[in-house]
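Here is a short report on one protein model. Please keep the sequence and the structure in view while reading.

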Amino acid sequence: MGLLLCLLLLGHLTVVAYGHPILDTPESVTGTWKGDVNIPCTYIPLQGYTQVLVKWLVQRGSDPVTIFLRDSSGDHIQQAKYRGRLHVNNKARGDVSLQLNILEMDDQSHYTCEVTWQTPNGNQIVRDNIIDLRVQKVSVSKPTVTTGSSYGFTVPQGMRISLQCQAQGSPPISYVWYKEQINNQEPTKVATLSTLLFKPAVVADSGYYFCIAKGRVGSEQRSNIVKFVVKDSSKSLQTKTGAPTTMQSLLEATSTMNSSWTNEVAVYVEDTRAESGKGLPIFASILIISLCCVVVFTMAYIMLCRKTSQQGE
C-alpha cells in the first residue's frame, strides 16, 4: 500500500514538473545604443497544449505595462513608443522572442515574457519570465580593411574591385578614405563611404590607403595602412609579343643563309663543269642542293631553340 502511494506521488510530481511547457529565457541581455537587440523567449511545444496568448511587458515605475499582445485576432503593439521597431517572432513554433530595433537609453528596463496555453483538459496555464535589458553606448572600434576579391590587394589593371572599411560600435558610423602622398605631403581624401570602389582599377590607383571610422561615442579610429597595387597588363603582352619578333629575325637570317649557301653550291657546280669538261647529272645537282637546304634549316632550328631557351631563363 505504501509503495503504491509513493508511485502515485511520484507520478503527480512528474506531471507538475514536466507536464507543462517551460519558458526558456536568459537572465539579462545587453544591447547597443542605436542598434538592434533580440530578447530570447522560447519553449518546447507539448502535444495537447495550445498557445492562446502571448504578452510582453516592460517595467515602468512600480507597475509592468503591456507593450505587445498576441491573441486569436492577431498581433497588437500597445504602446506608440514601440510601433515600427518592435517585432515578436511568429515563424517558429515555440519561439516568441522579442526583436527591438534602434535602441534608446530609456529602453533599458525589466521585460517580462508571458505565455498562456490551453491544456488537454480545457484549462489554461500561464508562465512568465523576467529578463533584464541593458543598453550601453559603445565606442567605435579600430576599423579593418578588406577586399571582396581573391586577388587581395594586388590586382590586374581593368578589374572592378573595392576596398571595404568595417568597424563596430554604436551606429551610425561614418567613414572616410585617404590615400598617402609622396614627399611627406598630407594624405588626400578620396571617399566618404565605407566602400572605396575602383571601376575599373588603373595603374595610377596604386598606392597606400587607410580609412578613419567615427561613431556617436568616443574618438575616431584609424585603420592600418594597406598597400594597393594595380599591375600593368600591357607589359606582359609586350613580353609575349617579343618572341615572335625574334623568331622573325631568325627566319630572315635563315633565309639569307639559305640563299648564300644556294649561290655557293651553284658556283661550285659551274666550276666543276668548267674543270672537268663534263656536266654533273641533273639529279646529282638537285641532291646536293636539297642536302644543303636540310643542313641550313637544321642549323636555323637549333639556333631558334637555343634563343627561346635563353629567353625563358
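The text below goes from the whole chain to one hairpin, its loop and the nonpolar cores.

**Whole protein**

This is a predicted model. The protein has 313 residues, and 28% of them are buried. Its secondary structure consists of 18 strands and 3 helices. The accessible surface is about 19,900 Å². Carbon and sulfur atoms account for 56% of that surface. Take the contacts between residues at least 6 apart in sequence: 58% of them join residues at least 24 apart.

**Strand β8 and its partners**

β8 covers residues 109-118. Of its 10 residues, 8 are buried, so the strand is mostly covered. β8 pairs with β3 (residues 50-60) and with β9 (124-136), as the table sets out.

| Pair | Sense | Bridges | Residues standing opposite |
|---|---|---|---|
| β3 and β8 | antiparallel | 8 bridges | valine 58 and tyrosine 111 |
| β8 and β9 | antiparallel | 10 bridges | valine 115 and arginine 127 |

β8 and β9 also form a hairpin, with 5 residues between them. Glycine 122 sits in the turn and has a positive phi of about 95 degrees.

**Threonine 119**

Where is threonine 119 found? Threonine 119 lies in the loop between β8 and β9. Is threonine 119 buried or exposed? Its relative accessible area is 7%. The cut-off for buried is under 20%, so threonine 119 counts as buried. Beyond its neighbours within four places in sequence, threonine 119 is in contact with Gly48, Tyr49 and Ile125.

**Nonpolar cores**

The largest nonpolar core holds 29 residues. Trp56, Ile67, Leu86, Leu100, Tyr111, Cys113 and Leu133 touch the most other members. Several elements give two or more residues to this core, among them β3, β8 and β9. β2 (37-39), β4 (63-71), β6 (86-88) and β7 (98-100) do so too.

Isoleucine 67 shows the contacts of one such member. Leaving out residues up to four places away in sequence, isoleucine 67 touches Trp56, Leu57 and Val58. Isoleucine 67 also touches His76, Ile77, Gln78, Gln79, Tyr82, Leu86 and Tyr111. Of these partners, Val58 and Tyr111 are the residues that stand opposite each other in the pairing of β3 with β8.

A second core is separate from the largest one and has 20 residues. Its members include Ala167, Trp177, Ala191 and Cys211.

Notes:
Residues are numbered from 1 along each chain as its sequence is written. This is a predicted model: local features need pLDDT of at least 70, side-chain atom pairs count only at pLDDT 80 or more; totals for chains, interfaces and linings use all residues. Side-chain values use heavy atoms; hydrogens and water are left out. Helices (H or I, at least four residues) and strands (E, at least two) are DSSP runs, numbered from the N terminus. Buried means under 20% relative accessible area, exposed over 50%, partly exposed in between (1.4 Å probe, protein chains only). Contact means heavy atoms within 4.5 Å. Accessible areas come from the Shrake-Rupley method with a 1.4 Å probe; for residues, only the protein chains shown count as cover. Two strands pair if DSSP finds at least two bridges between them. A nonpolar core is a set of buried Ala, Val, Leu, Ile, Met, Phe, Trp, Tyr and Cys residues joined through side-chain atoms within 4.5 Å.
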